[in-house]
Each structure stands twice: as structure tokens, then as C-alpha cells.
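Me: Please take a close look at one part of the structure shown below, and explain in connected form how that part is arranged. Please then place it within the chain as a whole.

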Amino acid sequence: QVQLVESGGGLVQPGGSLRLSCAASGRLFRLAAMGWYRQAPGNERELVASITIGRSTNYADSVKGRFTISRDDAKNTVYLQMNSLKPEDTGVYFCNLDPRKLQPWESDYWGQGTQVTVSS
């Protein structure tokens with residue numbers, strides 16, 4: 001069983017920075033692509049950034065150049081460094097672990113989410 005625990009959210013002024021962390025339990029982290037998603041009130045959940053086992057990254061156009069995703073396999077942790085934050089970055093940020101490329105019989109897993117609010 002996999003558990004994902006996000007941390008690092010909070011209230012920050014526009015232009016500020018936050019670093020989100022997502023710690024995973026279990027054996028699947030090193031076999032999985034990891035992603036950060038966000039959901040604003042009234043909106044669908046959207047992909048913010050993802051990173052593969054080989055550390056290839058992908059970003060939503062709205063965060064390119066401002067956000068950086070990284071992973072530490074020794075710590076079973078994925079990070080999202082968020083700089084130059086804007087009010088439209090506000091939302092609940094969810095961590096996703098997806099091992100299905102290597103283990104298609106598995107499920108993907110979600111964390112409980114961490115709130116990020118960008119406001120003056």
C-alpha cells in the first residue's frame with residue numbers, strides 16, 4: 001500500500017516562493033512517475049508538473065520558467081519549487097504516484113492535498 005503525504009503549502013504574497021514536498025511510503029516510488037496537480041475552486045484538477053523515473057520533466061505552460069519539479073529516490077520524495085507565485089496559482093496541490101508504465105496492473109495513488117494561497 002502506498003501513502004503520499006504532502007507538505008509545504010501555505011499563504012504567500014504574489015511574487016513569493018514555496019516548496020512543496022511529497023513523501024511516499026512503500027516500494028513503488030522508484031518505479032513510478034510522479035506528478036503535481038492542482039485544483040482551484042470550481043475548476044477541474046489540472047497537471048502542473050511531472051517527472052519520470054529517468055527524470056524527464058513536463059510542465060503546464062502557465063508555470064514554465066517559474067516552477068521546478070525534482071525527485072530524491074533515496075528519500076522517496078518529490079518536490080515542487082514554486083517561484084514568482086501569482087494569485088492564479090492558488091489551489092489545492094495534490095501529489096500523484098503512477099507506476100503503471102512499468103507495472104500496468106497497479107493503480108495510481110493520490111495524496112490528500114496541500115493548500116496554496118497566493119494573496120496580498
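**Paired strands and their surroundings**

Reply: Strand β1 and strand β3 (residues 18-24) are paired in the antiparallel sense, with 4 bridges between them. The model is a predicted one. Within this pair, L4 of β1 stands opposite A24 of β3.

The side chains of β1, which covers residues 4-7, deserve attention. L4 and E6 point to one face and are buried, whereas V5 and S7 point to the other face and are not buried. This follows a general rule: in a regular strand, side chains alternate between the two faces of the sheet.

A second group of paired strands is built around β4, which spans residues 33-39. On the one hand, β4 pairs with β9 in the antiparallel sense over 7 bridges. On the other hand, β4 is joined by 5 bridges to β5 (residues 46-51), and these two strands also run antiparallel. In that second pairing, Y37 stands opposite L47 of β5. β4 and β5 together form a hairpin, with 6 residues between the two strands. In the turn of this hairpin, G42 has a positive phi of about 80 degrees.

Which residue of β4 shows these pairings at close range? G35 is found in β4, and its bridge partner in β9 is N96. Its relative accessibility is 3%, and G35 therefore counts as buried, since the cut-off for that term is under 20%. Leaving aside neighbours within four places in sequence, G35 is in contact with A49, S50, F94, C95 and N96. A further relation across the sequence involves D98: it lies 63 residues from G35 along the chain, yet the C-alpha atoms of the two are separated by 8.1 Å.

After β9 (91-98) comes a loop that leads to β10 (109-110), and Q103 is found in it. Is this loop residue buried or exposed? Q103 has a relative accessible area of 12% and is therefore buried. Apart from residues up to four places away in sequence, Q103 touches R27, L28 and L31.

Towards the end of the numbering, T117 lies in strand β11 (residues 114-118). T117 has a relative accessible area of 26%, so it is classed as partly exposed. Not counting residues up to four places away in sequence, T117 touches G10, L11, V12 and T90. One of these, V12, is 105 residues from T117 in sequence, although the two C-alpha atoms are 6.3 Å apart in space.

These details can now be placed within the whole chain, which has 0 helices and 11 strands. Of the contacts with a separation of 6 or more, 56% are between residues 24 or more positions apart. Buried residues make up 42% of the 120 residues. Why can the overall size be said to agree with that of a compact globule? A compact globule of 120 residues would have a radius of gyration near 14 Å, and the chain has 14 Å, so the two agree. Along the principal axes, the C-alpha atoms fill a box of roughly 45 × 25 × 25 Å.

The surface completes the description. The accessible surface of the chain comes to about 6300 Å², and 47% of it belongs to carbon and sulfur atoms. There are 13 positive and 11 negative side chains, and the centres of these two sets lie 6 Å apart.

Terms used:
Residues are numbered from 1 along each chain as its sequence is written. This is a predicted model: local features need pLDDT of at least 70, side-chain atom pairs count only at pLDDT 80 or more; totals for chains, interfaces and linings use all residues. Side-chain values use heavy atoms; hydrogens and water are left out. Buried means under 20% relative accessible area, exposed over 50%, partly exposed in between (1.4 Å probe, protein chains only). Two strands pair if DSSP finds at least two bridges between them. The radius of gyration is taken over C-alpha atoms; the globule rule is 2.2 Å times the number of residues to the power 0.38. Contact means heavy atoms within 4.5 Å. Accessible areas come from the Shrake-Rupley method with a 1.4 Å probe; for residues, only the protein chains shown count as cover. Lys and Arg count as positive and Asp and Glu as negative; His and the chain ends are not counted. The place of a charge is taken as NZ of Lys, CZ of Arg, CG of Asp or CD of Glu.
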